[in-house]
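Biologist: I'd like to learn how to read a structure like this one. Could you walk me through a few features?

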Amino acid sequence: MSPPVLPERARVVVIGGGVIGCSVAYHLAHMGWKDVVLLERDRLTSGTTWHAAGLMVTFGSTSETSTEMRKYTRDLYSRLEAETGQATGFKPVGFIEVAADADRLEEYRRVSAFNRHCGVDVHELSPREVGDLFPLARTDDLLAGFYVKEDGRADPVDVTMALAKGARLAGATIVEGVAATGVRQHRGAVTGVHTTAGDIACEYVVNCAGMWARQLGQRSKINIPLQAAEHYYLITEKIPQLSASWPVLEDPGSYGYFREEVGGLMIGMFEPVCAPWNIGGIPDDFSFGEIPPDWERMGPYLEKAMSRVPISAEVGVKKFFCGPESFTPDLQPCVGEVPEIRNYFVAAGLNSIGILTGGGLGRVLAHWIINGRPDVDVTGFNIDRLHTYQANPEYRKLRTVESLGMVYQCHYPTRTATTARGAKRSAWHDRLVARGAYFRDVSGWESPDWYAPPGVEPVVEQLCWGRHNWFPYWEAEHHAARTGVIAMDMSFMAKFLVQGRDAGRFLDHLSANHVDGAAGQITYTQWLNEGGTLEADLTVTKLDDDRFWVVASDTAHGHTLAWMRRHLGDAHAFVTDVTSGWAQLNVQGPRSRELLQALTSADLGNEAFPFRAAREIDIGFARVLCVRITYLGELGYELYIPSEQAVHVYDRIVAAGEAVGLRHAGLKALASLRMEKSYRDFGHDIDNTDSVLEAGLGFAVDLKKPGGFLGKDAVLAKKAAGPLKKRLVGVLLRDPAPMMFHAEIVKRDGAALGYVRAASYGHTLGGAVGLAMLEAAQPIDQAFLDAGRWEVDVAGTMVPATVSLKPFYDPGNARIKL
């Protein structure tokens with residue numbers, strides 16, 4: 001057999017011939033980029049695609065992006081055969097998710113309402129109706145089932161072959177038996193790919209190497225922290241009573257999903273404690289391979305799963321299969337352009353949903369590559385959210401144990417990871433432990449979520465969808481910020497020093513607001529792309545003519561840094577990540593000035609230190625950058641302290657705080673306080689698809705500043721298009737009992753206009769409060785809001801609500817300027 005002949009060059013090289021790589025190649029070619037070469041080291045599907053279970057399910061996600069990708073994928077698989085002549089094995093036999101406990105019932109009712117809003121036809125079934133559709137299932141302990149008639153199953157190999165054939169028909173080239181060994185680059189951009197059959201020059205690379213993606217990325221010093229883990233399914237001998245027309249049945253509470261397979265029953269599993277596979281690296285020659293199953297470890301989980309379909313324990317086992325699938329630290333895929341090298345894209349780490357999202361993900365990435373930016377919200381899975389330490393062997397070993405099992409856990413909104421903890425700690429971590437802090441994982445940082453009172457252990461007694469045991473502690477912290485003074489550890493915030501003679505001009509070009517004004521002033525601003533939608537939401541403090549302090553949220557850390565570096569050009573400006581070198585303590589509340597004034601010789605009075613002022617002040621032996629700003633809606637200050645002096649400053653503040661009733665507060669209070677003020681959080685309630693005007697941030701845009709800014713033309717065009725018919729609004733429930741978290745549907749006069757993107761509980765307001773993006777056929781203004789009858793769907797119950805464009809708390813901002 002003659003060796004494969006490679007073209008000398010291509011516009012795009014896709015590495016990996018599984019379902020994701022073939023989908024990317026297919027969509028690039030169909031969108032007009034036909035000069036595409038896909039490289040597969042062995043044969044198509046040989047990694048993990050070939051042994052996937054092939055579920056095609058649109059139900060289950062409260063991410064609009066994920067739900068739309070699932071819907072697109074299902075539709076694509078249903079029409080590929082007509083287009084290519086290659087069958088996909090798609091069978092819309094239906095899908096049922098069952099709930100056997102009250103918490104899962106609440107979760108699935110919340111998910112159902114959101115999925116219906118996104119166009120998924122979900123029906124809630126009684127246990128008897130579940131039994132009618134899947135007669136072999138035990139239903140006596142069920143509370144309900146959730147049924148999507150149009151969902152079902154597909155053949156993973158056939159799907160991939162259909163995508164590959166469609167890519168070839170559209171002009172793409174697919175080469176099997178050639179492995180990519182590295183990526184060529186020059187001046188920080190892709191220039192080609194090294195392979196076992198020679199080099200290919202190219203402009204773009206897409207790493208779709210599945211469980212090998214991390215190792216391939218390492219060769220170019222790119223961080224892709226995914227890890228393979230054992231994944232199991234069992235196939236029984238034939239069961240005469242079982243029909244291939246029955247729907248797929250999924251019971252996360254029993255760790256299993258069930259579907260017909262060649263006359264027998266397939267039982268797939270996601271056990272709560274899993275086994276990582278080959279931490280040191282996946283063998284290069286592993287292909288169409290299996291892992292010897294661990295019967296002893298899996299026995300109890302298998303017994304639990306079989307109890308849902310009892311006949312499965314009475315027939316023989318035809319096959320107990322174990323194969324590797326890759327998982328990520330937060331159970332979100334690794335997708336997008338990497339921050340390290342321009343035009344190097346990744347689509348990997350699909351966490352067992354590669355088949356059911358593969359079509360949609362290929363479309364999203366192809367659009368991203370061709371147009372330079374995505375057309376969907378990618379803040380949750382953009383690869384630049386991840387950190388280099390997460391690729392460490394010990395971290396991957398520990399976190400992966402939890403990741404696979406999270407697929408079938410009840411997805412409580414307050415859950416935090418329990419494995420691979422302690423990676424990052426602020427300078428005063430031990431002090432906060434002594435204060436009763438309950439810590440959560442915040443981008444690897446141990447950050448206080450709330451504080452237990454003296455004599456009480458900071459533990460979560462039981463996760464739930466309602467009020468936890470710590471609810472009153474959180475409430476007390478919230479009220480302390482509104483009436484007294486609190487201290488909040490915010491060291492996890494991303495902090496950058498930007499220096500150089502062009503630093504001001506450079507940052508002013510990126511910023512929609514004017515940030516290069518007088519020195520000693522902080523400015524709230526957004527960074528936009530050429531389409532006028534959001535790329536960052538942050539603050540820029542001008543320390544001096546050639547020194548600026550940029551602060552962004554923890555989840556936007558990598559994206560903010562990459563955005564600056566990609567836009568530096570030839571400017572004389574230097575960006576330094578100083579996050580680790582500076583601790584951040586926020587002192588907030590109406591008595592915050594009184595507390596800090598007792599500790600410094602600087603005049604903190606209103607005239608000397610007005611709102612938005614930034615000065616270096618003395619506290620004890622330390623020099624501290626003190627910025628008068630708030631994210632809570634009260635008089636307050638952010639203190640940036642050199643890490644070596646952080647404990648010293650903290651101790652001084654706590655000692656002086658005894659006289660004014662200082663209370664420590666955690667991130668739960670941060671969320672509830674900022675929600676009452678409708679303060680935005682990029683990646684939660686605003687994202688990369690939002691116009692700065694739709695997001696309600698026009699006040700932070702300076703259209704008159706000299707030189708303009710990136711995205712200005714798009715903002716002007718949006719403004720000229722007339723009154724906005726899509727806007728972010730505040731939503732307050734009138735009933736104090738229900739809780740909102742995310743994805744609750746908002747209705748006006750019975751018609752759904754949008755959903756809650758993020759929410760908390762407004763302890764000052766007396767009800768759950770959130771931010772929702774609404775879209776209507778007419779302009780959305782306060783008169784439109786006031787004229788409607790508003791309700792929010794909370795787990796199937798319609799709750800009356802008030803909707804406002806202005807903050808519910810202190811809309812005139814009087815308190816922050818006390």
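Modeller: Sure, we'll take a helix pair, then the cavities, then a pocket. Keep in mind that this is a predicted model.

Biologist: At what angle do helix α1 and helix α8 pack?

Modeller: For a helix pair, look at the angle and the distance between the axes. Here α1 (residues 19-30) and α8 (residues 354-371) pack at about 40°, with axes 8 Å apart. That angle makes α1 oblique to α8, and their crossing is right-handed.

Biologist: Which residues of α1 meet α8?

Modeller: On the α1 side they are Val 19, Ile 20, Ser 23, Val 24, His 27 and Leu 28. Their partners in α8 include Gly 354, Gly 358, Gly 359, Gly 362 and Arg 363. Sorted by class, this contact has 10 nonpolar, 6 polar and 1 charged residues.

Biologist: Now the holes. How many cavities of 30 Å³ or more are there?

Modeller: A cavity is closed off, while a pocket is open. The count here is 3 cavities of 30 Å³ or more, and the largest has a volume of about 40 Å³. Its lining includes Trp 450, Trp 470, Asp 449 and Lys 668. By class, that lining divides into 5 nonpolar, 1 polar and 2 charged residues.

Biologist: And which helix gives the most to the lining of the second largest pocket?

Modeller: That's α13 (residues 557-567), with 5 residues. The pocket holds about 460 Å³ of space and is lined by 19 residues, with His 387, His 557, Gly 558, Leu 561 and Asp 577 nearest its centre. The lining has 7 nonpolar, 7 polar and 5 charged residues.

Technical notes. Residues numbered from 1 in each chain as written. Predicted model: local features only at pLDDT ≥ 70, side-chain atom pairs only at ≥ 80, totals over all residues. Heavy atoms only, no water. Axes fitted to C-alpha atoms, helices over the stretch in contact; angles between N-to-C directions. Helix = DSSP H or I, 4+ residues; strand = E, 2+ residues; numbered from the N terminus. Parallel < 35°, antiparallel > 145°, perpendicular 65-115°, else oblique. Left-handed = near helix turned anticlockwise from the far one by under 90°. Contact = heavy atoms within 4.5 Å. Nonpolar A, V, L, I, M, F, W, Y, C, P; charged D, E, K, R; others polar. 1 Å grid on protein atoms, 1.4 Å probe; cavity = no way out; pocket = protein on both sides within 12 Å on 5 of 7 lines; lining within 4 Å. Points joined across faces, edges and corners; volume = space filled by probe spheres on them.
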